[in-house]
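Reader: I have a model open and no idea how to read it. Can you take me through it feature by feature?

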Amino acid sequence: MAWWKQFPRRESRTPREPGAGDRPALAVGDVVRLKGRPERVRCVLAMEWHWIRYEYVYVVETTAPGGFQPYWFKDQLLLESVAPAPL
């Protein structure tokens, strides 16, 4: 399957900022597994708004070299455990 067919069809290609109803599904510190590589648990390091797909993406721990921070969409991750609430 071609990579561009994996993205949902949008009514507009205009980038937009997150709206009032757009909330991240995961938080920094949550423990997840990648659906494609579930043998290893990883921690969510950051979340960012993807202004073309109109949803949040999550940077998780990887063994990627030197500052490269790949990100994943929520449907590519399996939630293992939720980060403890701050005191």
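Author: Start with one facing pair of residues. This is a predicted model. L34 stands opposite R37 in strand β2.

Reader: Which strands form the hairpin with two residues between them?

Author: β1 and β2 do, with two residues between them. β1 covers residues 31-34, and β2 covers residues 37-50. The two strands pair in the antiparallel sense over three bridges. Another facing pair to find is V31, opposite C43 in β2.

Reader: With which other strand does β1 pair over four bridges?

Author: That partner is β5, residues 77-81, and the pairing is again antiparallel. Look for V32: it stands opposite L79 in β5.

Reader: How do I read the side chains along a strand?

Author: Start with the general idea. In a regular strand the side chains alternate between the two faces of the sheet. Now the case here. In β1, V32 and L34 point to one face and are buried. V31 and R33 point to the other face and are not buried.

Reader: What is the order of the strands in the sheet?

Author: The order is β4-β3-β2-β1-β5, in an open sheet of five strands with antiparallel pairing. The edge strands are β4, residues 71-73, and β5; each pairs on one side only. From one strand to the next, the twist averages 50°.

Reader: How many helices and strands does the chain have?

Author: Zero helices and five strands. From the N terminus on, the elements run β-β-β-β-β.

Reader: How many bridges link β2 and β3?

Author: Six, and the pairing is antiparallel. Within this pairing, M47 stands opposite Y58 in β3. β3 also meets β4: three bridges join them, and they run antiparallel. There, V59 stands opposite Y71 in β4.

Reader: What is special about the backbone in the hairpin of β2 and β3?

Author: That hairpin has four residues between its strands, and Y54 takes a positive phi near 60°. Y54 is not a glycine, yet its phi is positive. Find Y54 in the loop between β2 and β3.

Reader: Is Y54 buried or exposed?

Author: Use the cut-off: buried means under 20% relative accessible area. Y54 has 13%, so Y54 is buried.

Reader: How do I read a nonpolar core?

Author: The general idea comes first. In soluble globular proteins, nonpolar side chains tend to be buried together. In this model, the largest nonpolar core has 11 residues, including L26, V44, Y54, V60, W72 and L77. V32 and L34 from β1 belong to this core too.

Reader: Which elements give two or more residues to this core?

Author: β1, β2 and β3, residues 55-60, do. β3 gives the most, with three residues. β3 is also mostly covered: five of its six residues are buried. For the whole chain of 87 residues, buried residues make up 22%.

Reader: How many aromatic pairs are there?

Author: Two. One joins W49 and Y56, with 5.1 Å centre to centre and 75° between the planes. This pair is edge-to-face. At 15% relative accessible area, W49 is below the cut-off and so counts as buried. Y56 is buried as well, at 17%.

Reader: Why is the pair of Y71 and F73 edge-to-face?

Author: Look at the angle. An edge-to-face pair needs planes over 60 degrees apart. The planes of Y71 and F73 stand at 85°, so the pair is edge-to-face. Their ring centres are 5.9 Å apart. The two residues differ in cover: Y71 is partly exposed at 39% relative accessibility, whereas F73 is buried at 8%.

Reader: What lies over the face of F73?

Author: R53 does, at 3.8 Å from the ring centre.

Reader: Back to W49. Which residues is W49 in contact with, leaving aside neighbours within four places in sequence?

Author: R16, E17, P18, D22, Y54, E55 and Y56. Two of these you have met: Y54, from the loop between β2 and β3, and Y56, the ring partner of W49.

Reader: What share of the contacts with a separation of 6 or more comes from residues 24 or more positions apart?

Author: They account for 44% of those contacts in the chain.

Technical notes
Residues numbered from 1 in each chain as written. Predicted model: local features only at pLDDT ≥ 70, side-chain atom pairs only at ≥ 80, totals over all residues. Heavy atoms only, no water. Buried < 20%, exposed > 50% of the residue type's maximum accessible area, 1.4 Å probe, protein only. Pairing = 2+ DSSP bridges. Phe/Tyr/Trp six-rings, centres within 6.5 Å; stacked < 30°, edge-to-face > 60°. Lys NZ or Arg CZ within 6 Å of the ring centre and 35° of its normal. Axes fitted to C-alpha atoms, helices over the stretch in contact; angles between N-to-C directions. Core = buried A, V, L, I, M, F, W, Y, C linked by side-chain atoms within 4.5 Å. Contact = heavy atoms within 4.5 Å.
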